[in-house]
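Q: Could you take me on a close look at the metal site in this model? I would love to hear which residues hold the ion and where they sit in the fold.

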Amino acid sequence: MNNGVSAAVTLQQQFSGVGVAAGRVIGPVRQMPKPVQEPAAGPVPADFSAEFEAQRIKDAGKAVRAELQARAATVAGEGREVLEATALMAADPMLIKGAIKLLAADTAGGARSAERAVWESGASVAAKLTALGGYMAERATDVLDVRARLVADLRGLPAPGIPVAEAPFILAAEDLAPADTATLDPAKVIALVTSSGGPQSHTAILARALGLPAVVAAVGVDGIADGTEVYVDGAAGTVTVAPAAELRQAAAAWTERSSALAAFAGPNTLADGVHIPLLANVGTGADAAKAAASGAEGVGLLRTEFCFLDRAEEPTVQEQIEAYGAVFAAFPGKKVVVRTLDAGADKPLPFLTNADEPNPALGVRGYRTDLSSPGVLARQLEAIAAAEAAHGAEVWVMAPMISTADEAAAFAGMCAAAGLRTPGVMVEVPSAALTAASVLREVSFASLGTNDLTQYAMAADRQLGPLASLNDPWQPAVLALVTLTADGASLASAAAGLPKPVGVCGEAAADPALAVVLVGLGVATLSMSARALAAVSAVLATVTLAEAQRLAAMALAAPSAAAARAAVRAELPILAELGL
Ligand code: PEP
Ligand code: MG
């Protein structure tokens, strides 16, 4: 029998991680099924029957098809078409008959289990589609998805992918692929908690863009039983099982406050009237339309690779013109900063990156792919220029992963050749921050990518949960690199007699307290997920530039990230008032 004390301990069991998107909600947990592992290729048991296994494959095909059709019936538009097409694939003769053929002992490699046969048949269909190129090549991913569903069904395991449920739930997982996060329906998934994953991973970024309270690196949350009610605090980074009354009140209060914080009406000013434009980070035209509706003063980062993450081949110039044009159309007459393709590490693009690199974060990624795949960048710049001509946005263009002034000069030359007037660079490699005056001499502006700048300054993979405390943009070393960049840009501006503004488009800009510090360090614009605009603006409105400079000096002088954060937060009472 439980005594009251141990019952209370059990009731209040808490998991601590890193809060990556503010918000307090309560709901039942649903676990993300684990990815389907490759079935072993070993010998089949003595009582193996090819006929019996063939029937199991046919049954699995029917079950997966029926399940996908049932899901298709619950969604509308493009999502429905995609699910219906995938449902058809589950019964595709090439896949199913191909698998059944592989069961027989007389095929190359000998008899296979149903699971193994489906695995190999799926691989061969996907390879054929890839070889056909174009639209067909893009279907290869869908075949591999169906293959995983068939193998899960054969094993009696839940289907891979985001669970489907009638009622809203809190999604728990070890980690999520960016593609999984992109398919989350915020009406169904009310918060996201992962046992792994870093605070600057693209999964965390997408969760923030969807406005989902999220906690990453909370060891153990992937073991919480389905249906367990938990309280998630996305600012504190905690997940509490069976929340007591005061946590229920906190969740209710957050719901009220968040609707009050939902609106941002620019222009954003500090308490003394200084204008600090708040811009949006977007990946598609649809994101841009939402950002414009949220009051963003422009786009500070268009992640062009997000338009083409599912592509096996380079998009055509025409396709690119359309994709970028959709973003420009949402911001007529306003600034839109387009970043050229940033492929590599956790955002591989098969037509640009080499999947076999031993250290992808230090590999041929971002601007560097111009060396390995010459022509792709020039064609992208041509498409950006054509889209600019067709729309009225003020287009700035920047290259990711610039490390040297020579690279900045080469990129500026390519922009000029394409007729693009405002070339810039991301400062996300420490060498670019350390040589900012020379780098900025070559271009018109810089944007600090604090996500990568932090990972490279701290030598800590931004995707790794256990390194979350190193991967913190409040680290004094990162703040020092921001200072060096702003100071270098001032020198370059003075030498050129022209402003060379430095913005921030990393996730640091979306942390309202850190946004104050960045402004105090000399940053001119802040770009973030549209959802963060209102909170950042509400906090910036409470400080003058001189106060922001004082808080920035305090953060720079702190001995640790935690000390810097605590010292600055203590000076901003608005944060507690707004529950941020
Ligand atoms: C960054 O590194 O801070 C950045 C904005 O780029 P991304 O997150 O896309 O790497
Ligand atoms: Mg980056």
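A: In this predicted model, the magnesium ion (ligand 2) is coordinated by E428 through OE and by D452 through OD, at 2.0 to 2.1 Å. E428 sits in the loop between β13 (423–427) and α16 (430–434), while D452 belongs to helix α18 (residues 450–458), so the two ligating residues tie together parts that are 24 residues apart in sequence. Both can be placed against the 20% limit for burial: E428 has a relative accessible area of 2%, so it counts as buried, and D452, at 3%, is buried because it also falls under that limit. Water is not among the atoms, so the site may look incomplete.

Let's follow the chain on from D452. Helix α18 leads to the loop between α18 and α19 (476–496), where A459 lies. A459 has a positive phi of about 50° although it is not a glycine. Its relative accessibility is 69%, so A459 is exposed.

For another backbone detail of this kind, turn to M401, in the loop between β12 (394–399) and α15 (405–418). Phi of M401 is near 60°, again a positive value in a residue other than glycine. M401 is buried, with a relative accessible area of 1%.

One last stop concerns a peptide bond. G266 and P267 are joined in the cis form, with omega about -5°, and P267 is found in the loop between α10 (245–260) and β9 (278–282).

Note on methods
Residues numbered from 1 in each chain as written. Chains lettered and ligands numbered in written order. Predicted model: local features only at pLDDT ≥ 70, side-chain atom pairs only at ≥ 80, totals over all residues. Heavy atoms only, no water. Donors = N, O, S within 2.8 Å, 3.2 Å for Na, K, Ca; no water. Helix = DSSP H or I, 4+ residues; strand = E, 2+ residues; numbered from the N terminus. Buried < 20%, exposed > 50% of the residue type's maximum accessible area, 1.4 Å probe, protein only.
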